[in-house]
Amino acid sequence: MIAFVDLKAQYTSIRSEVDAAIQAVLASCQFTLGSEVAAFEQEFAAYCDSTHGVGVNTGTSALHLALLAAGIGPGDEVITVPFTFVATVSAIDYTGARPVFVDIDPISYTMDVHAVEAAITPHTRAIVPVHLYGQVADMDPILAIARRHGLIVIEDACQAHGAHYKGRRAGSMGDLGCFSFYPGKNLGACGEAGMVVTDRPDYARTLRMLRDWGAETKYHHVLRGYNFRMEAIQGAVLRVKLRRLEAWTEARRALAARYDDGLRACGVATPRVMAYARHVFHIYAIRCAERQQWQDALSARGIQTGIHYPTPVHLLPAFADLGYQVGQFPHAEQAAREVLSLPMYAELSPSQCDEVIDAVAALVLQDSRPARLAA
Ligand SMILES: *Cc1c(COP(=O)(O)O)cnc(C)c1O
């Protein structure tokens, strides 16, 4: 069996260090925030080329609080993409603002920068580009549009730890950058965690208050805040893992190159790495017309795959009241029908990678057979 992700393989490889980090937190009895979280905030912000890091309980909270810190609320509109994990849109919704969608570019799967300006209204306050699958959106045009219109840019970098755009780090280009450390992400906690990074001290200060009940000092609540604090165990474990992140990312990139070589040779639509990007391959998604058949056939050979994501957010029942219709974002809708995510994690072996390539190649051959007979 080849798993889609194998968290056990990673844990096994660093078990003694992770266990020691957790034991140290237990011994300290400093369970929430504290020195481990503070140290991780500094280390991860530095890794992102950002000045401040504010640790929170999830990536969703990172997005939610980043929007609140930027002053987004009821009556405002926030532009984002429908081809993302639902959390991007829910975070906007939590603030009372209205999510406004623009389509994706069908090659990169990230925000179509040519569609943004037409979506701007007098109510628009912010743009939330999503660095989907580990590839940064085309940030320069987005930042230029934001500057022209006085909009805040909040990067959803939840899938893009360590990704680059023209040499700049994911999360460091917008006003605020948001990360998730959900276990399956490129940098994953042993539970839930997230972080906002920013160069602005005023945003960092507001974020620190908002995550801890809006308190300026103990029991002096100056803002209506939340209990979104990061747990100390997560900070301690993430510090251990951050030291490996570059090596894990290089392993992902090497596997992606191996997939590329093997799959392109048999005509499979592989992911496109944009000239501006260092792609960190949180997800390695191919495209196929007969996705269900392919997924079933791979599953029958013991190969797990995923779909990220089967329904664009504008067509999810939860957001029906936004009033969007089928056909409004054709590139997002087509991608949602065709993408198929192959196993991808640092511990996937080259031979397992080759096994997946062979299985996909067999499907291509099978698909092309009737056509050849007909010809
Ligand atoms: C994972 C993810 C989130 C949410 O992060 P959680 O830590 O699960 O709350 C938000 N946006 C994107 C694009 C994600 O992949």
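Here are three short exercises with worked solutions on the structure above.

The model is predicted, so local features need pLDDT of at least 70 and side-chain atom pairs count only at pLDDT 80 or more, while totals for chains, interfaces and linings use all residues. Residues are numbered from 1 along each chain as its sequence is written, and side-chain values use heavy atoms, with hydrogens and water left out.

**Exercise 1. Describe the contact between domain 1 and domain 2**.

Step 1: Start with the bounds. Domain 1 covers 7-242 and domain 2 covers 245-368, as given by an automatic or database domain assignment. Their centres, taken over C-alpha atoms, are 24 Å apart.

Step 2: Count the residues in contact (heavy atoms within 4.5 Å). Domain 1 contributes 46 residues and domain 2 contributes 34.

Step 3: Turn to buried area, the accessible area (1.4 Å probe) that two parts lose on being put together, summed over both. The two domains bury about 3700 Å² between them, with 62% of it on carbon and sulfur atoms. On the domain 1 side, Y133, Q135 and N186 supply 20% of the area buried against domain 2, more than any other three residues.

Step 4: Check for salt bridges (a side-chain nitrogen of Lys or Arg within 4 Å of a carboxyl oxygen of Asp or Glu). Between domain 1 and domain 2 the count is zero.

**Exercise 2. Where do the salt-bridge partners E250 and R278 lie, and is each buried or partly exposed?**

Step 1: Find the pair. The side chains of E250 and R278 meet in a salt bridge at 2.7 Å, N to O.

Step 2: Place both ends, using helices (H or I, at least four residues) and strands (E, at least two) as DSSP runs, numbered from the N terminus. E250 is in helix α8 and R278 in strand β12 (residues 277-278), so the salt bridge ties together parts 28 residues apart in sequence.

Step 3: Judge accessibility, where buried means under 20% relative accessible area, exposed over 50%, and partly exposed in between (1.4 Å probe, protein chains only). E250 is partly exposed, at 39%, whereas R278 is buried, at 10%.

Step 4: Look for shared partners. Salt bridges join E246, E250, R253 and R278 into one network.

**Exercise 3. Which residues of helix α7 are buried, and what covers them?**

Step 1: Go through helix α7 (residues 201-210). Y203, A204, L207, M209 and L210 are buried.

Step 2: Look at the cover. Among the elements over these residues are β1 (52-56), α4 (59-69), β5 (152-156) and β8 (176-180).
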